[in-house]
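Hi,

Here is the structure I promised to pass on. Have a look at it first, and then read my notes below.

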Amino acid sequence: MTEENKKDNINEAGDRTADKQVEAAESRKENSSNAQRTGSDAKPADTEVKTEAEVDGKTEPQDADKADNEAKDVPDSETEGDGTSDQTQRSENETDKPEEDGDSRYLRLMAEFRNYKKRVAKEKADIHAYANEKLVVELLGVLDNFERALASDPAADAEGYAQGMRLIFDQLLSALSEAGLEELRALGEEFDPKIHNAVMTADDEEYDSNKVCNVLQKGYSLNGKVIRPTMVTVAK
């Protein structure tokens, strides 16, 4: 084989190889185009499916609301019928009850009245029993101070002891005053049998006749009411 024939064979082989490469490139290009067209066609389908699903989802609640409204418009005849039957049954039961005779009614009222009297008596007893609770609590402090004074030695400090007793007396008088206790004025006043208790008469130039010239025992009133008249001596 000559060199020219060899060159021709080489050129033919190169041409065939180039043709195959061109065909392969065109085939790949067509496949890519087909894939793009397939993807673009699939998206609208998905969109259509979603749209139908959304339409179905929106339509179902509307249908449910419509059904609820229709159910509300329907009158509940069965419930009304039950209420009427219950009222009728109650009225029949009340009618069937026997009427209370006069003796039974009298005995029942007497029993209720006795219970009422017992309850009122108990309430009054409680009021009387605890009416002085506040005053007693105040006097407990005075009692404590008296116990301390008795436990001390008056000879050690006579002046301090006397001052302490005076403070205890003021504390006691303050507690009684808060409870409504008030001392009645008597010395030098006109004799008043409503608040004074004259035990004797005496000649006293310092006071006019029928005047209280001496107080033997103080008198007191509680909230305006005389609880102990003043024991006095009246001048002639």
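**What I found**

Asn210 sits in the loop between E2 and strand E3 (212-217). Keep in mind that this is a predicted model. I start with this residue because of its backbone: phi of Asn210 is near 70 degrees, a positive value in a residue other than glycine. Most residues other than glycine have a negative phi. With a relative accessibility of 32%, Asn210 counts as partly exposed, since the partly exposed class runs between 20% and 50%.

There is a second residue of this kind. Asn223 is not a glycine either, and its phi is positive at about 55 degrees. You will find Asn223 in the loop between E4 and E5. That loop belongs to a hairpin with 2 residues between the strands. Is Asn223 buried or exposed? It counts as exposed, because its relative accessibility is 63% and the exposed class begins over 50%.

**The chain as a whole**

Stepping back, the protein chain has 5 helices and 6 strands. What order do they come in along the sequence? The pattern is α-α-α-α-α-β-β-β-β-β-β, with the helices ahead of the strands. The chain has 236 residues, and 8% of them count as buried. It exposes about 19800 Å², and carbon and sulfur atoms supply 51% of that area. If you take the contacts with a separation of 6 or more, 57% of them are between residues 24 or more positions apart.

**The E1-E4-E5 sheet**

Now the strands. One open sheet is made of 3 strands in the order E1-E4-E5, and its pairing is antiparallel. Strand E1 (181-183) and strand E5 (225-228) are the edge strands, and each of them pairs on one side only. Neighbouring strands here are turned by 40 degrees against each other on average, ignoring direction.

Within this sheet, strand E4 (residues 220-222) is joined to E5 by 3 bridges, and the two run antiparallel. For one concrete pair, look at Leu222: its bridge partner in E5 is Lys225. Asn223, with its positive phi near 55 degrees, belongs to the hairpin of these two strands.

**The E2-E6-E3 sheet**

Another open sheet of 3 strands has the order E2-E6-E3, this time with mixed pairing. E2 and E3 stand at its edges; each has a single partner strand, so one side of each is left without a neighbour in the sheet. The twist averages 30 degrees from one strand to the next.

How many bridges join E2 to E6? There are 6, and the two strands run parallel. In that pairing, Ala198 stands opposite Val232 in E6.

Thr233 is worth a click while you are there. It lies in strand E6 (residues 230-235), and it counts as buried because its relative accessibility is 3%, where the cut-off for buried is under 20%. Which residues does Thr233 contact, leaving aside its neighbours within four places in sequence? They are Met200, Thr201, Ala202, Lys211, Val212, Cys213, Asn214 and Leu216.

**A loop residue, Leu187**

Leu187 is placed in the loop between E1 and strand E2 (196-202). Not counting residues up to four places away in sequence, Leu187 touches Tyr207, Val212, Cys213, Asn214 and Val215. Val212, Cys213 and Asn214 also appear among the contacts of Thr233. As for distance, the C-alpha atoms of Leu187 and Val234 are separated by 9.5 Å, while the two residues are 47 apart along the chain.

**A patch on the surface**

Last, the helical part. Val136, Val137, Leu140 and Leu143 form a nonpolar patch on the surface, and together they have about 350 Å² of accessible area. Leu143 belongs to helix H4 (residues 133-151). Why does Leu143 count as partly exposed? Its relative accessible area is 46%, which puts Leu143 between the 20% and 50% cut-offs.

Those are my notes; take the viewer and go through them in whatever order suits you.

Cheers

Definitions and conventions:
Residues are numbered from 1 along each chain as its sequence is written. This is a predicted model: local features need pLDDT of at least 70, side-chain atom pairs count only at pLDDT 80 or more; totals for chains, interfaces and linings use all residues. Side-chain values use heavy atoms; hydrogens and water are left out. Patches are made of residues with over 30% relative accessible area and no salt bridge: like charges are joined within 9 Å, nonpolar side chains (Val, Leu, Ile, Met, Phe, Trp, Tyr) within 5 Å. Accessible areas come from the Shrake-Rupley method with a 1.4 Å probe; for residues, only the protein chains shown count as cover. A salt bridge is a side-chain nitrogen of Lys or Arg within 4 Å of a carboxyl oxygen of Asp or Glu. Helices (H or I, at least four residues) and strands (E, at least two) are DSSP runs, numbered from the N terminus. Buried means under 20% relative accessible area, exposed over 50%, partly exposed in between (1.4 Å probe, protein chains only). Two strands pair if DSSP finds at least two bridges between them. Axes are lines fitted to C-alpha atoms, for helices over the stretch in contact, and angles run from 0 to 180 degrees between N-to-C directions. Contact means heavy atoms within 4.5 Å.
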